[in-house]
Every structure is written in C-alpha cells, then in structure tokens.
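Thanks for coming, everyone. Let me put today's structure on the screen, and then we'll walk through it.

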Amino acid sequence: MGDEYSSDRDIQKTVLSILDRLNNTLVNWNNEVFEPVGKVNMVSSRKANQLIDSIISIGKTADKKGYQSIPEMFFKARKKLLEDDTGDRNNGVCAVVRIKIVQDLAITREAFTAKLEIENMD
C-alpha cells in the first residue's frame, strides 16, 4: 500500500504543477506577456502556436486519408506496423552471388594466369 500512496502523491504533484503552469500562462497572456522571461513557469505563445499549427496540419492529413480523427490514423498505422513486423521473416529476398577474379601474375621470369570463382550454392 505504501507504493500506491507514493504513486498517488506523485500524480497529484504532477497535476498541480501542470495546473499551476496553465494558470500562470493564462494570467501572463491576459497581461500581454507572451514569452517566458527568466524562470517564469509559463507556456511560450510562439511554441503553443507552432504546436497548434502542427496539430491542424496532421488533422488535415488524417482527413485527406479518410480518417475520422488523428488518433484513428495513429492507431491504424500502429496496428499495421505491428502486423508487418510479425509477418513471416523467411520471405526475404535470397540472392545468388558470384564473384569472378581474373589475375595475370608475373614472378621473376615465370608468368601464369589465375582464376578464382566463388559461388553460393544455397
């Protein structure tokens, strides 16, 4: 039970911290302070607008692809990736490699021609 109490206390502290930051942000934005200065615990208006623009763009992509929402697009894509990952791993491409090296070599006055062939017979 001690662990549950600690977890609940940690969750409560996190939620209070988020609410404090949100409250500070709204108060500052109402006072036309849009960017944090120093150690002010608030959300940057510029970063918030960038995030909102990204969410709108992703929402448009989901709509163009026929999804009802961003979460629907995310979970369907995730499901497809997991299905693809668990597929038969033995269906990969098998290649036959053949290397041929032809070499002329002269040692002092004697000369010979050499040929090396390596084949993968799988």
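**A first look at the chain**

About 11200 Å² of the chain is exposed, and carbon and sulfur atoms supply 56% of that area. Keep in mind that this is a predicted model.

Now the overall layout. There are 3 helices and 2 strands. Going along the sequence, the pattern reads α-α-α-β-β.

How much of the chain counts as buried? Of its 122 residues, 7% do. Next, contacts between residues with a separation of 6 or more. Of these, 5% come from residues 24 or more positions apart.

Let's start with helix H1. Helix H1 covers residues 2-30. Leu22 is found in this helix. Is Leu22 buried, exposed or partly exposed? Its relative accessible area is 46%, so it is partly exposed: the range runs from 20% to 50%.

Leu22 also belongs to a nonpolar surface patch. Its partners there are Ile11, Val15, Leu16, Leu19 and Leu26. Together, these residues make a patch of about 560 Å².

Moving on to the loop. Glu32 sits between helix H1 and helix H2. What is unusual enough here to point out? Look at the backbone: Glu32 has a positive phi, about 60°, although it is not a glycine. As for its surroundings, Glu32 counts as exposed, because its relative accessibility is 65% and the cut-off is over 50%.

Next, helix H2. This helix spans residues 45-64, and Ser45 lies in it. Is Ser45 buried or exposed? Ser45 is buried, because its relative accessibility of 14% is under the 20% limit.

Which residues does Ser45 touch, leaving out those up to four places away in sequence? The answer is Trp29, Phe34 and Glu35. Trp29 falls within the range of helix H1, residues 2-30.

Last stop: the aromatic rings. How many aromatic pairs are counted? The count is 1. Phe74 and Phe75 form that pair, with ring centres 5.0 Å apart. The planes stand at 75° to each other, so the pair is edge-to-face, which takes over 60 degrees.

What about exposure for these two rings' residues? Phe74 has 48% relative accessibility and counts as partly exposed. Phe75, at 52%, counts as exposed. The labels part ways because the cut-off for exposed is over 50%.

To recap, then. Ser45 is buried in the model. Glu32 is exposed, in the loop between helices H1 and H2. Leu22 is partly exposed and helps make the nonpolar patch. Over to you for discussion.

How values were computed. Residues numbered from 1 in each chain as written. Predicted model: local features only at pLDDT ≥ 70, side-chain atom pairs only at ≥ 80, totals over all residues. Heavy atoms only, no water. Helix = DSSP H or I, 4+ residues; strand = E, 2+ residues; numbered from the N terminus. Buried < 20%, exposed > 50% of the residue type's maximum accessible area, 1.4 Å probe, protein only. Contact = heavy atoms within 4.5 Å. Patch = residues over 30% accessible without salt bridge, like charges linked within 9 Å, V, L, I, M, F, W, Y side chains within 5 Å. Areas by Shrake-Rupley, 256 points an atom, 1.4 Å probe, with all protein chains shown as cover. Salt bridge = Lys/Arg side-chain N within 4 Å of Asp/Glu carboxyl O. Phe/Tyr/Trp six-rings, centres within 6.5 Å; stacked < 30°, edge-to-face > 60°.
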